[in-house]
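Hi everyone, thanks for coming. Could you pull up the sequence and the structure on your screens, and we'll walk through them together?

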Amino acid sequence: MKQILDAILAGDTAAVGELDVPEHYRGITVHADDAGMFEGLESKEKDPRKSLHLDDVPTPELGPGEALVAVMASAINYNTVWTSIFEPVSTFSFLKRYGKLSPLTARHDLPYHVVGSDLAGVVLRTGPGVNAWKPGDEVVAHCLSVELESPDGHNDTMLDSEQRIWGFETNFGGLAELALVKSNQLMPKPAHLTWEEAASPGLVNSTAYRQLVSANGANMKQGDVVLVWGASGGLGSYATQFALNGGAIPVCVVSSPEKAEICRAMGASLIIDRSAEGYKFWKDPVTQDQKEWKRFGARIRELTGGDDPDIVFEHPGRETFGASVYVARRGGTIVTCASTSGFMHEYDNRYLWMNLKRIIGSHFANYREAWEANRLIAKGMVHPTVSKVYPLEDTAQAAYDVHRNLHQGKVGVLTLAPTEGLGVKNTELREQHAEAINRFRNR
């Protein structure tokens, strides 16, 4: 592994294809034997630091259409938090199901799960049938793993019956020194970014692009009022950028003055600090407060000059969903991709059906959407939102920070890269956007 890293750091990436692939590598794992360790605890009481391990694991066999990547950096997503606390189910159920698909996928059904759904790194090896990528290519990976053997996915790969999220529903993820991906997960690394910056947008940037911009999601247009929950967070920060880039009007919902300031730094001006304004959408664990929905809607109209949101960018889930359905304009769209505060949503259906609103489910992105989202990063039109970076050894603490919402933007992880700041090839483009690239740092 040291020889591989030395070649990459020396800029001799073409040489990595001639080096031996290590038989083992270090990766962040959860163990099947630990799956019941948090039984009886509330989600917020479950601690990723107790379940995430740094292990030495065997390098997997490389199959057709696949690539083995030397991972320089990765990042924490909420799916890694879910994996670490075994919610809503243990990911070992996903691995077991995938392992039954074929002799090749049986590699994934192991008593440990190497996690992580982001990476930036260098291709080490490619399997039979891979022509678009070669050893030495600097890449990032999106997290859609798809078989495409049925007709279902050929219009939109996210609809394929064997679509999975790499590093969550498959093994050999990106929070490791090596990672196994399908070759059609790979995209060019943005040349003006460091390894940790390039690794951080993948999952959330592509998810926000499909959810908000794509015709498969909300199909945002110029002038749309877009309510963005968690607008300074890992997902919301990209939604805010897409809204501003696309001529829409973001209304940013945050939970502190510091997060409000980040939204202003991105260029947003309509901001609701839900903590300062005291919104409590639930009277108790089973009863929502519709007066709070109305107060929230009135505040949005106050900021927009009387307009309700054309689009509500939803991902908190249970805590906010009733309010989201209520505040969307007549004929508006609530587009949801996650449920970080709970999966069982409740809303008053009268406000949906009588006002002809729509709820759209959105899940990650297809290859085309992910490629377009990455292209915007590479052109300096959308920027990474890295606030803090941990070494691989401290990944469990990084996941804890995300679980407890102690972070801003994205939390990066150095895997093979020995320090931050490495990997920049286009210094001119970087200098043009240095302030935007660094606006989340140390917040």
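Okay, one word first: a residue is called buried if it has under 20% relative accessible area, exposed if over 50%, and partly exposed in between, using a 1.4 Å probe and protein chains only. And some ground rules: this is a predicted model, where local features need pLDDT of at least 70 and side-chain atom pairs count only at pLDDT 80 or more, while totals for chains, interfaces and linings use all residues. Residues are numbered from 1 along each chain as its sequence is written, and side-chain values use heavy atoms, with hydrogens and water left out.

So, let's start with a helix. Helices here are DSSP runs of H or I with at least four residues, strands are runs of E with at least two, and both are numbered from the N terminus. How many residues of helix α10 (residues 318-327) are buried? Nine of its 10, so to speak "mostly covered". Among them are F321, V325 and Y326.

Hang on to Y326. Rings of Phe, Tyr and Trp (its six-membered ring) pair if their centres lie within 6.5 Å; planes under 30 degrees apart are stacked, over 60 edge-to-face, and the rest tilted. The structure has 16 such aromatic pairs. In one of them, Y326 meets Y351 edge-to-face, at 4.8 Å centre to centre and 85° between the planes. Y326 sits in α10 and Y351 in helix α11 (residues 349-353), so this pair ties together parts 25 residues apart in sequence. Elsewhere, Y78, W82, F94, F168 and F343 make up one aromatic cluster.

Now for the holes. A cavity is a set of points on a 1 Å grid, over the protein atoms alone, where a 1.4 Å probe fits but cannot get out; lining residues have an atom within 4 Å of a point. Points are joined across faces, edges and corners, and the volume is the space filled by probe spheres set on them. We get two cavities of 30 Å³ or more.

The largest holds about 100 Å³. Its lining has 18 residues, with V140, A198, P201, G202 and N374 nearest the centre. Helix α12 (367-378) gives the most to that lining, four residues.

The second largest holds about 70 Å³. Which strand gives the most to its lining? That's β9 (residues 178-182), with three residues. Among the residues lining this second cavity are E66, H108, W166 and K182.

That's me done, thanks!

How values were computed: 1 Å grid on protein atoms, 1.4 Å probe; cavity = no way out; pocket = protein on both sides within 12 Å on 5 of 7 lines; lining within 4 Å.
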